[in-house]
Amino acid sequence: MTDEIKASFTCPNCGPISIRVEDETNDDSAVTCASCGVRFGTWGEVKAKVTDAAAAEVRARLRGAFSGLKGWKIT
Ligand SMILES: [Zn+2]
């Protein structure tokens, strides 16, 4: 899921970025840009956004991966 999380964030300073979450992550942990350190919010806030975005991305990839295979259908 790491790629989906990366794709879901745009840093005002760095553009599309990877995020950094503290090792002992809980919903109150700070989420920061891995490059410049700007703070995006708490993990609880970010997780709610990432979950929706990642789920949509995974569904889109599955459709693309199977669309070229005759006889396969995503249900
Ligand atoms: Zn940044």
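pLDDT is the predictor's confidence in each residue, on a scale from 0 to 100. This is a predicted model: local features need pLDDT of at least 70, side-chain atom pairs count only at pLDDT 80 or more, and totals for chains, interfaces and linings use all residues. Residues are numbered from 1 along each chain as its sequence is written.

**Exercise 1. Confidence**

Find where in the protein confidence is lowest and where it is highest.

Solution. Start with the average: the mean pLDDT of the protein is 75, and 72% of its residues reach 70 or more. Then go by element. Helices (H or I, at least four residues) and strands (E, at least two) are DSSP runs, numbered from the N terminus. Helix 1 (residues 2-7) has the lowest confidence, with a mean of 48, and strand 5 the highest, at 86. Where pLDDT is low, the predicted coordinates should not be read in detail.

**Exercise 2. Elements and burial**

List the elements in chain order, and state what share of the residues is buried.

Solution. The protein has two helices and five strands. Read from the N terminus, their order is α-β-β-β-β-β-α. For burial, count the other C-beta atoms (placed from the backbone) within 10 Å of a residue's own: 20 or more means buried, 12 or fewer exposed, and anything in between partly exposed. On that count, 7% of the 75 residues are buried.

**Exercise 3. The sheet**

Work out the strand order of the open sheet and name its edge strands.

Solution. Two strands pair if DSSP finds at least two bridges between them. Three strands form the open sheet, in the order 3-4-5, with antiparallel pairing. Strand 3 (19-21) and strand 5 (39-42) are the edge strands, each pairing on one side only. Neighbouring strands are turned by 25° against each other on average, direction ignored; the axes are lines fitted to C-alpha atoms, and angles run from 0 to 180 degrees between N-to-C directions.

Next, take the pairs. Strand 3 and strand 4 are joined antiparallel by three bridges; here V21 stands opposite V31 in strand 4. Strand 4 (residues 30-33) also pairs with strand 5 over three bridges, again in the antiparallel sense. Across this second pair, A30 has T42 as its bridge partner, V31 has G41, and T32 has R39.

**Exercise 4. The hairpin turn**

Describe the link between strand 4 and strand 5, then place S35 in its surroundings.

Solution. The two strands form a hairpin with five residues between them, and G37 in the turn has a positive phi of about 85°. S35 is found in the loop between strand 4 and strand 5. Because 14 other C-beta atoms lie within 10 Å of S35, this residue is partly exposed. Two residues are in contact if their C-beta atoms, placed from the backbone, lie within 7 Å. Leaving aside neighbours within four places in sequence, S35 is in contact with C11, C14 and I17. S35 and I17 are 18 residues apart along the chain, and their C-alpha atoms are separated by 7.6 Å.

**Exercise 5. W43**

Which residues does W43 touch, not counting residues up to four places away in sequence?

Solution. First locate the residue: W43 lies in helix 2 (residues 43-66). W43 counts as partly exposed because it has 19 C-beta neighbours inside 10 Å. The residues that W43 touches are V21, T25, N26, D27, S29 and V31. For S29, the C-alpha to C-alpha distance to W43 is 5.4 Å, at 14 residues apart in sequence.
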